[in-house]
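Reader: Please take one part of this model and go through it closely. I would like the strand pairing first, and then the open and enclosed spaces.

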Amino acid sequence: MQRNLLLKLAYDGTRYHGWQIQENAVTVQQVFQEALCKVTGRQEDLKACSRTDTGVHAREFCVSLKTESPIPEERLVAALNHYLPQDMAVRSCQRVGEGFHARYSCKGKEYCYEIWNHPVREPFLAGRALHYWYPIDEALLDQAARHYLGSHDFSSFCTLDKRERGDLTRRVFTSRVERRGDLVMFTVGADGFLYNMVRIMVGTLLRVQQGKFSPEDIPGILEAKDRKAAGPTAPACGLYLNRVFY
């Protein structure tokens, strides 16, 4: 009997070239699919919630698959984690409805970008947070981040490639900057994200910190619908897919 399963993964993306299988590069999908094949004995057809890029991490990455494997959900978690490397783990597995699809059933996602804000680098966060050694005024950046809230055309915050077509409007329902000790975090939730959107949002916030933009400049950058109007693309190392909403 075929079941439709939803699996939630977590991984450190430092040594992977994103999720999607590529030639001549190790990806999360490749490693996960190899482990899955060892467990079920089948080359299962995976549906992923999105594609994370090279060096991006995930605390909750969702995959759905239809399988005829009889292995119970709870045992499948343990079996997969036995074969997966230490920088990747399956957190849960549950049976879902026949029509569920990890990507098309998704209602939104939440990302977090982490910045280590201290004059001295933190070796244990190498590859896991951006090191920014100049002082950060998190209240100022939070003020700027609030201008991202709402429905906007995010053309200025998108690296255009063959993936981006049609309407580039997205609805942002969470956008805040907060500090926990020396770690500054930008959290953003939306009904969808464009290519490099979060990293460009972060790069623009850092331009606010540097005095090159003011918080009140953000609406004008959005209205420009021009990638050149926004700040640079922040490095991938600080970006985490936090949650997926269904």
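Author: What follows looks at strand 10 and its partners, then at the pocket and the cavity. The model is predicted.

Strand 10 spans residues 239-245 and is mostly covered, with five of its seven residues buried. On one side of the pairing list is strand 3 (residues 57-67), which pairs with strand 10 in the parallel sense over two bridges. Here Leu 241 of strand 10 is the bridge partner of Ala 58. Strand 5 (residues 108-116) runs antiparallel to strand 10, and six bridges join the two. Leu 241 appears again in this pairing, standing opposite Tyr 111.

Strand 5 also leads to the largest pocket, since strand 2 (46-48), strand 5 and helix 4 (197-209) each supply at least two residues of its lining. The volume of this pocket is about 900 Å³. It is lined by 32 residues, and the closest to its centre are Ser 50, Arg 51, Arg 103, Lys 109 and Phe 193. By class, the lining of the largest pocket has 14 nonpolar, seven polar and eleven charged residues.

As for enclosed space, the structure holds one cavity of 30 Å³ or more. The largest cavity contains about 50 Å³ of space. Its lining consists of Ile 115, Leu 141, Val 177, Val 184, Met 185, Phe 186, Val 202 and Leu 205. Strand 9 (183-190) and helix 4 are the elements that give two or more residues to this lining, and strand 9 has the largest share, with three residues. The lining of the largest cavity has eight nonpolar residues, with no polar and no charged ones.

How values were computed: Residues are numbered from 1 along each chain as its sequence is written. This is a predicted model: local features need pLDDT of at least 70, side-chain atom pairs count only at pLDDT 80 or more; totals for chains, interfaces and linings use all residues. Side-chain values use heavy atoms; hydrogens and water are left out. Buried means under 20% relative accessible area, exposed over 50%, partly exposed in between (1.4 Å probe, protein chains only). Helices (H or I, at least four residues) and strands (E, at least two) are DSSP runs, numbered from the N terminus. Two strands pair if DSSP finds at least two bridges between them. On a 1 Å grid over the protein atoms alone, a cavity is a set of points where a 1.4 Å probe fits but cannot get out, and a pocket is an open set with protein on both sides within 12 Å along at least five of seven lines; lining residues have an atom within 4 Å of a point. Grid points are joined across faces, edges and corners, and a volume is the space filled by probe spheres set on the points. Ala, Val, Leu, Ile, Met, Phe, Trp, Tyr, Cys and Pro count as nonpolar, Asp, Glu, Lys and Arg as charged, and the others, Gly among them, as polar.
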